[in-house]
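Me: Could you take a close look at the charged pairs here, and then place them among their surroundings? I'd like one connected account rather than a list.

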Amino acid sequence: MAVQVPSRQLFIDGEWREPILKKRLPIINPATEEIIGNIPAATAEDVELAVAAARRALSRNKGKDWATAPGAVRAKYLRAIAAKVTERKTELAKLEAIDCGKPLDEAVWDIEDVAGCFEYYADLAEGLDAKQKAPVSLPMETFKSYVLKEPIGVVGLITPWNYPLLMATWKVAPSLAAGCAAILKPSELASMYILNLVAVICLLYENLRAFVYIFHLEPTMLLIMYAFLLSSTCLELAEVCREVGLPPGVLNILTGLGPEAGAPLASHPDVDKIAFTGSSATGSKIMAAAAQMVKPVSLELGGKSPIIVFEDVDLDKAAEWTAFGCFWTNGQICSATSRLIVHENIAREFLDKLVKWTKNIKTSDPFEEGCRLGPVVSGGQYEKVLKFISTAKSEGATILSGGVRPEHLKKGFFVEPTIITDVTTSMQIWREEVFGPVLCVKTFSTEEEALELANDSHYGLGAAVISNDLERCDRVSKNLQAGIVWVNCSQPCFCQAPWGGNKRSGFGRELGEWGLDNYLSVKQVTQYVSDEPWGWYRSPSK
């Protein structure tokens, strides 16, 4: 299917602007390995312009145009963005699929979630005014106190490539609802979509050296990988914002390489907060940069999430959820339940079922009807995933299913959905995030053993438990060390519910009311209401 990739510029102060140094980067289709377009590459000079635009947006008309405007004013824009996204759903979904390789049906679902998220935060923006001056109960009648919630200010939003527009929306929608001005920095591997939806978003940062470390890439491959991420979808958000008339500077979008654009933004003294989704390695570097200015950060980082399957389950239902939990989004999802912990009494029969389900997954070009697994995002990621699989085999694990390129796909960065057994807890495949369609397996005999295996990780983003015994599910849920627990399912996500992790999976929560609080500062106002003098000091008039 031929998809026209729009040619865009940076989005700064409500306008499309050519990068000052006029740099651009190629866009690579992960399904075909073909160059299909290019995107602008911002540098520190462009970052300065974007930050200045965001500052002006907050102070314009003494803040009355945006930051201190009634929530209903901001809600109007958020609903208009949602309506435009819905209107362009088919087009945006196609760009999303070509941008990061996910199946078209999944991309359509993502775009529907984008619109829903903007609608949800429009509602919260309207409700914010009613919550102002919330009274605080005090033990002294001579004082009255209340709380104000105010926008933090200019925020830098760094988003990943696996959900280009949706992950941007998780940050953009609540930050704008709160009254902040934002600079969106989408991942270089998926920016085309966000620039169009922006005409109002800004940029943030991912550290190049962190990618070198994480993906074990040579500089040339890294450049290709970054260019791949900088594709179509993120740029389209800007165009949507421009069309609905979002005030200039409220949302800016900068695409570009981490060292040239992201790092200057992350360390900029006029950026008041950083919100980041991505790798733990990059997140720690962002924390270090923010610490120099005591700048708040919220981090949603990597994961190696477990799924526990007890012996009382319906095998087919459990097998489908296990496959979905790991192979959804081509396995490129931070919350993937990629560590299967299955009861030893059903392990053999369950794995037989699971292999059958896995082999029935249609792996193809994302635009083929019925596609359920597309390519991983780049050549670098493809080599990384295969390296994980080969290392597992060399360490003594068994590749039960998959682990190679599908025979019918000669081009593109495709990896068959993979199941690995005979795994020990010291193996790399058990401990490190793959970010690809790879599931590793261990068995257990008792509930205590299952929990010990599940919690044996530096990460704590998600976890799942599957059992017909709901009392056991409740007990296990309380003891799993994770920010998100799914019962008899894996991966459902709703914008009304909090999202975030523990341990090295980060801190802070996105979505729901918690997502709005991420971008609000709390101010206490206390008034002395008595007619009597305070009386602590002896009056000089007496």
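Reply: Let's start with Arg 17, which is partly exposed at 26% relative accessible area (buried means under 20%, exposed over 50%, and partly exposed in between, with a 1.4 Å probe and only protein chains counted). Keep in mind that this is a predicted model, where local features need pLDDT of at least 70, side-chain atom pairs count only at pLDDT 80 or more, and totals for chains, interfaces and linings use all residues. Residues are numbered from 1 along each chain as its sequence is written, and side-chain values use heavy atoms, with hydrogens and water left out.

Arg 17 pairs up with Glu 15 in a salt bridge, with 3.7 Å between the closest N and O atoms (the criterion is a side-chain nitrogen of Lys or Arg within 4 Å of a carboxyl oxygen of Asp or Glu). Side chains of opposite charge can pair when their charged atoms come close. Glu 15 is partly exposed too, at 44% relative accessibility.

Strand β2 runs over residues 15-17, and the loop leading from β1 (10-12) into β2 holds Asp 13 (strands are DSSP runs of E, at least two residues, helices are runs of H or I, at least four, and both are numbered from the N terminus). Asp 13 has a positive phi, near 60°, despite being a residue other than glycine. At 15% relative accessibility, Asp 13 counts as buried. Glu 33 also has a positive phi, near 65°, and again the residue isn't glycine. Glu 33 sits in the loop between β3 (24-28) and β4 (35-40). With a relative accessible area of 33%, Glu 33 is partly exposed.

Back to the pairs. How many salt bridges does the structure hold? The count is 30, and one of them joins Lys 84 to Glu 243, with the closest N and O atoms 3.4 Å apart. Lys 84 belongs to helix α2 (residues 71-87) and Glu 243 to helix α9 (residues 236-243), so this pair ties together parts that are 159 residues apart in sequence. Lys 84 is partly exposed at 23% relative accessibility, and Glu 243 is partly exposed at 37%.

Salt bridges also join up into a network, whose members are Arg 8, Arg 88, Glu 91, Glu 236, Glu 239 and Arg 242.

Further along the chain, Glu 368 makes a salt bridge with Lys 362, and here the closest N and O atoms are 3.4 Å apart. Glu 368 is partly exposed at 40% relative accessibility, and Lys 362 is partly exposed at 32% relative accessible area.

Now for where these sit. The chain splits into domain 1 (11-21 + 28-200 + 224-301 + 505-525) and domain 2 (306-487), with bounds taken from an automatic or database domain assignment. Contact between the two takes 27 residues from domain 1 and 28 from domain 2, counting heavy atoms within 4.5 Å. Their C-alpha centres are 31 Å apart.

Another acidic residue to look at is Asp 316, found in helix α12 (residues 315-327). Asp 316 is partly exposed, with a relative accessible area of 32%. Setting aside neighbours within four places in sequence, Asp 316 touches Lys 353 and Trp 357. Asn 455 is 139 residues from Asp 316 in sequence and 26 Å from it in space, C-alpha to C-alpha.

Then there's Glu 300, where an unreviewed UniProt entry places the feature "active site"; such positions are given in the numbering used here, feature names are shortened, and annotations may be inferred rather than shown by experiment. Is Glu 300 buried or exposed? It counts as buried, at 3% relative accessibility. Glu 300 lies in strand β12 (residues 297-300). Leaving out neighbours within four places in sequence, the contacts of Glu 300 are Phe 276, Thr 277, Gly 278, Cys 334, Leu 461, Trp 499, Ser 505 and Glu 510.

Last, a stretch of surface without charged pairs. Met 140, Tyr 528, Trp 534, Trp 536 and Tyr 537 make a nonpolar patch of about 700 Å². Patch members have over 30% relative accessible area and no salt bridge, with like charges joined within 9 Å and nonpolar side chains (Val, Leu, Ile, Met, Phe, Trp, Tyr) within 5 Å; accessible areas come from the Shrake-Rupley method with a 1.4 Å probe, and for residues only the protein chains shown count as cover. Tyr 537 falls in the segment after β23 (520-528), and is exposed at 70% relative accessible area.
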